[in-house]
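Reader: Hey, got a minute to go through this one with me? I'd like the overall picture, then a few residues.
Author: Sure, let's pull it up.

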Amino acid sequence: MVSAAYDNKAWTKSASKGWVNLPRAEVPDGSQSGLSQKFTKTYLKPVRDFSKPLGQPLELIPLSDPAALKTGDRLKIRVLLDGKPLAGAKVAANMFDYSDKAEKVTTDADGAVTVTVPARRMAGVEIEHFAKTPGDNRIDGIWYTSSITFRVSGR
């Protein structure tokens, strides 16, 4: 398994320039502002501890070994925000399919969803979540993106 984290710094919506990669204090006509943080895990072959959280702020935890899945199998995933289940979050399966047909599901009270493994060599699941930061006049919140990617066997 390979994991990565990317801090894309602050972004602010400027009335004159659209979204700019600057904090609100540096954008005179800025309105919305937030930090952008991205996390990913890629499973290249079976992993013994596939369901062990790495401690990423927003993390997708597969509840079965994604490296052992075949096209059409179902994969249950738990979504954690700061180590706790995130209920009511929208998750996109088949992240390589950007059409309206891509499977989208919402996490249950335990932060879990079940998705169908697509007919591709590589498959993935992705979530974007905005967490407000009340009382912080520099930003409105943090935009988190988290994904897992895995090879599909038996294709």
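Reader: So how many helices and strands does the protein chain have?
Author: The protein chain of this predicted model has zero helices and 11 strands. Along the sequence, the pattern reads β-β-β-β-β-β-β-β-β-β-β.

Reader: What box do the C-alpha atoms fill?
Author: Roughly 55 × 30 × 25 Å, taken along the principal axes.

Reader: And how much of the chain counts as buried?
Author: 40% of the 155 residues. The chain exposes about 8,800 Å², with carbon and sulfur atoms supplying 53% of that.

Reader: What about charges, how many positive and negative side chains?
Author: There are 23 positive and 17 negative ones, and the centres of the two sets lie 5 Å apart.

Reader: OK, the core. Which residues touch the most other members of the largest nonpolar one?
Author: That core has 28 residues, and Ile 77, Val 115, Ile 127, Ile 148 and Phe 150 touch the most other members.

Reader: Which strands supply at least two residues each?
Author: Strands E3 (30-43), E4 (58-62), E5 (74-81), E7 (90-93), E9, E10 (122-132) and E11 (141-151) do.

Reader: Pick Ile 127. What is it in contact with, leaving aside neighbours within four places?
Author: Its partners include Leu 58, Leu 60, Val 79, Leu 86, Val 91 and Tyr 144.

Reader: Switching topic: where is Thr 107?
Author: Thr 107 is in the loop between strand E8 (104-106) and strand E9 (112-116).

Reader: Buried or exposed, and why?
Author: Thr 107 is buried, because its relative accessibility is 5% and the cut-off for buried is under 20%.

Reader: What does its side chain reach?
Author: Two backbone atoms come up: the oxygen of Leu 86 at 2.7 Å and the nitrogen of Ala 89 at 2.8 Å. Leaving aside neighbours within four places in sequence, Thr 107 is also in contact with other residues, among them Val 79, Gly 88, Val 91 and Val 113.

Reader: Last one, Trp 19. Which strand is that in?
Author: Trp 19 is in strand E2, residues 18-20.

Reader: How does it come out on accessibility, and why?
Author: Trp 19 is partly exposed, because its relative accessible area is 40%, in between the 20% and 50% cut-offs.

Reader: And what's in contact with Trp 19, beyond four places in sequence?
Author: Trp 11, Thr 12, Lys 13, Gln 32 and Trp 143. As for Ser 33, 14 residues along the chain from Trp 19, the C-alpha atoms of the two are separated by 9.1 Å.

Notes
Residues numbered from 1 in each chain as written. Predicted model: local features only at pLDDT ≥ 70, side-chain atom pairs only at ≥ 80, totals over all residues. Heavy atoms only, no water. Helix = DSSP H or I, 4+ residues; strand = E, 2+ residues; numbered from the N terminus. Buried < 20%, exposed > 50% of the residue type's maximum accessible area, 1.4 Å probe, protein only. Polar contact = N/O pair within 3.5 Å; in protein donor to acceptor, adjacent residues only side chain to side chain. Contact = heavy atoms within 4.5 Å. Areas by Shrake-Rupley, 256 points an atom, 1.4 Å probe, with all protein chains shown as cover. Lys, Arg positive; Asp, Glu negative; His and termini not counted. Charge placed at Lys NZ, Arg CZ, Asp CG, Glu CD. Core = buried A, V, L, I, M, F, W, Y, C linked by side-chain atoms within 4.5 Å.
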